Amino acid sequence: SHAILDECAMVSMEAADALLHRIQTQNASAMLVLDLAQLPNIAAGDTGRVLTLAAQAAGRYAEVTEVYRQKGPDVSWMRAAVPLGGKAIRENDPREFRAYLDEFAKRGHIVFHEDRASEIAAKAADVVDAVRRGVRVLAPGYSRQDCLYANRAIRTALGHEGAGLTFRFARGVRELAIGDRVIFEKNAEARIGVLNGYTGTVRAVAETEISVELDAGRIVRFDPKAYPHIDYGWSTTTHKSQGRGDPLVIPTLARNDDARSAHVALTRCETGLRVHTRLTRDELLDHLTSAQSMRPKDDALLFAEIVQRTGGPDTYWARAVREALEKDEAPLRAEHRAEMARRTEARGRDIVDVLRQGLGRKEKRALVSVYERHALESFVVWAVKHKRDIDGAQERQAARAQVAEPELARTLRI
């Protein structure tokens, strides 16, 4: 037998180990599908990177380089751009990722707002317009709170507020009315036929039974007291949206997004994309291409991946970084510490300068910019960005050693 496991990067290390053990004991084979440019699991360990390195070491690794999801004329340009954006994330290349993001702004896919209220109102208006036109829509947001604000605004605009019944669900009190979009948040396949992440539309509401038509067309019925793991489903978290695709996607991008969550949110669309943000264009691009935003989950695994991609463990860079990882007193470590100390000092000076001007909204934004401008980086992330300089220094050192050897031999003969 053969198993195809999609979105493997989102599986915990323990779950992945259990799955692979079960496949092995049944003498089966498996195809593991994942993308290191998308969101990893939320538990400890970077499952996607571990599985990728293992597949590469075994010679069983292949890359899919063509994109098929984006079909409409407004988004067809993304089929060529998305692989480049993903490559920029995987290779930790902020310049290329910035160019990728800026293309969305240039093509008019991003709408910039002055404040949160106008952002939520505009997003809700876009969703409501799509619903009334009969277009299936996905509206990702990074946090559950962002999604709740958007969902409430959407319900109000659709006239659902006050038209249903109120229930106490796992995530709080929610009113449900006929026509509400919902998402199921816990597996209950045996009892009611749903899995975590299923979405659908409410068709009937009573105190003891809710009927939902799933997107696949099947009707499920359940007692809300027996199954309280349900929430509004127009706007869902980006994490929940990964792996999905819908004709129209209306995401929000904010400061709590990083490069991977932004990449996921931007690439769910099939025919239309309209992004809302309360950041300015420069703020958005600076934030999503910052060191913290682009940093992978695990430093040691990043080192192993870069070594494998750039000539193996015996390159100048690999030897120098490995020595620095093993010896805290290595010169490269000292250089990294000095650079981080300079950034810390500069950050402190800039913070003082900003605080002298007060602490209004403008100053709060300036403080965020200060932290991003002087972001502290782990040693391997810093070494990856300085790879060319490290290689050059090591090459010059090796060349000097080769010149010195004959001179030393002549000296000894004399």
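**Exercise 1. Glu 185**

Task: Decide whether Glu 185 counts as buried or exposed in this predicted model, and find which residues it is in contact with.

Solution:
- Step 1. The relative accessibility of Glu 185 is 16%. Buried means under 20%, so Glu 185 counts as buried.
- Step 2. Now place Glu 185 along the chain: it sits in the loop that runs between strand S7 (181–184) and strand S8 (199–205).
- Step 3. Look for its partners, setting aside neighbours within four places in sequence. Glu 185 is in contact with Arg 144, Arg 171, Asn 196, Tyr 227, His 229, Asp 231 and Lys 240.
- Step 4. Pick out Arg 144 from that list: its side chain and that of Glu 185 are joined by a polar contact of 3.1 Å.

**Exercise 2. Two cysteines**

Task: Work out how many disulfides the model has, and why Cys 147 is not bonded to Cys 269.

Solution:
- Step 1. A disulfide needs two cysteine sulfur atoms within 2.5 Å.
- Step 2. For Cys 147, the closest cysteine sulfur belongs to Cys 269, and it is 18 Å away; that is too far, so there is no bond between them.
- Step 3. Turn the view around: from Cys 269, the nearest cysteine sulfur is that of Cys 147, again at 18 Å, and Cys 269 is in no disulfide.
- Step 4. The count for the model is zero disulfides.
- Step 5. Check the surroundings too. Cys 147 is buried at a relative accessible area of 4%, and Cys 269 counts as buried at 0%.

**Exercise 3. Ala 105**

Task: Find where Ala 105 lies and what it is in contact with.

Solution:
- Step 1. Ala 105 belongs to helix H4, which covers residues 94–106.
- Step 2. With a relative accessible area of 13%, Ala 105 is buried.
- Step 3. Apart from neighbours within four places in sequence, Ala 105 is in contact with Ile 110 and Arg 281.
- Step 4. For a sense of distance, try Glu 363, which is 258 residues from Ala 105 along the chain: the two C-alpha atoms are separated by 26 Å.

**Exercise 4. The largest pocket**

Task: Describe the largest pocket and find which element gives the most to its lining.

Solution:
- Step 1. Begin with volume: the largest pocket holds about 1700 Å³ of space.
- Step 2. Its lining has 43 residues, and those closest to the centre are Val 33, Leu 34, Asp 35, Ala 62 and Val 64.
- Step 3. Elements that supply two or more lining residues are helices H1 (13–25), H2 (47–57), H3 (78–90) and H11 (299–309), together with strand S2 (29–32).
- Step 4. Among these, H3 gives the most, with six residues.
- Step 5. Sort the lining by class: 20 residues are nonpolar, 10 polar and 13 charged.

**Exercise 5. Two cavities**

Task: Find how many cavities of 30 Å³ or more the structure has, and which residues line the largest and the second largest.

Solution:
- Step 1. The search finds three such cavities.
- Step 2. The largest has about 70 Å³ of space, and the second largest about 50 Å³.
- Step 3. Lining the largest cavity are Arg 116, Glu 119, Ile 120, Lys 123, Asp 146, Ala 150 and Thr 252. Helix H5 gives the most, four residues.
- Step 4. The second largest cavity is lined by Leu 5, Cys 8, Val 11, Ala 16, Leu 19, Leu 20, Leu 32 and Leu 51. H1 has the largest share, three residues.
- Step 5. Set the classes side by side. The largest cavity has two nonpolar, one polar and four charged lining residues, while the second largest has eight nonpolar, no polar and no charged.

How values were computed:
Residues numbered from 1 in each chain as written. Predicted model: local features only at pLDDT ≥ 70, side-chain atom pairs only at ≥ 80, totals over all residues. Heavy atoms only, no water. Buried < 20%, exposed > 50% of the residue type's maximum accessible area, 1.4 Å probe, protein only. Contact = heavy atoms within 4.5 Å. 1 Å grid on protein atoms, 1.4 Å probe; cavity = no way out; pocket = protein on both sides within 12 Å on 5 of 7 lines; lining within 4 Å. Points joined across faces, edges and corners; volume = space filled by probe spheres on them. Nonpolar A, V, L, I, M, F, W, Y, C, P; charged D, E, K, R; others polar. Polar contact = N/O pair within 3.5 Å; in protein donor to acceptor, adjacent residues only side chain to side chain.
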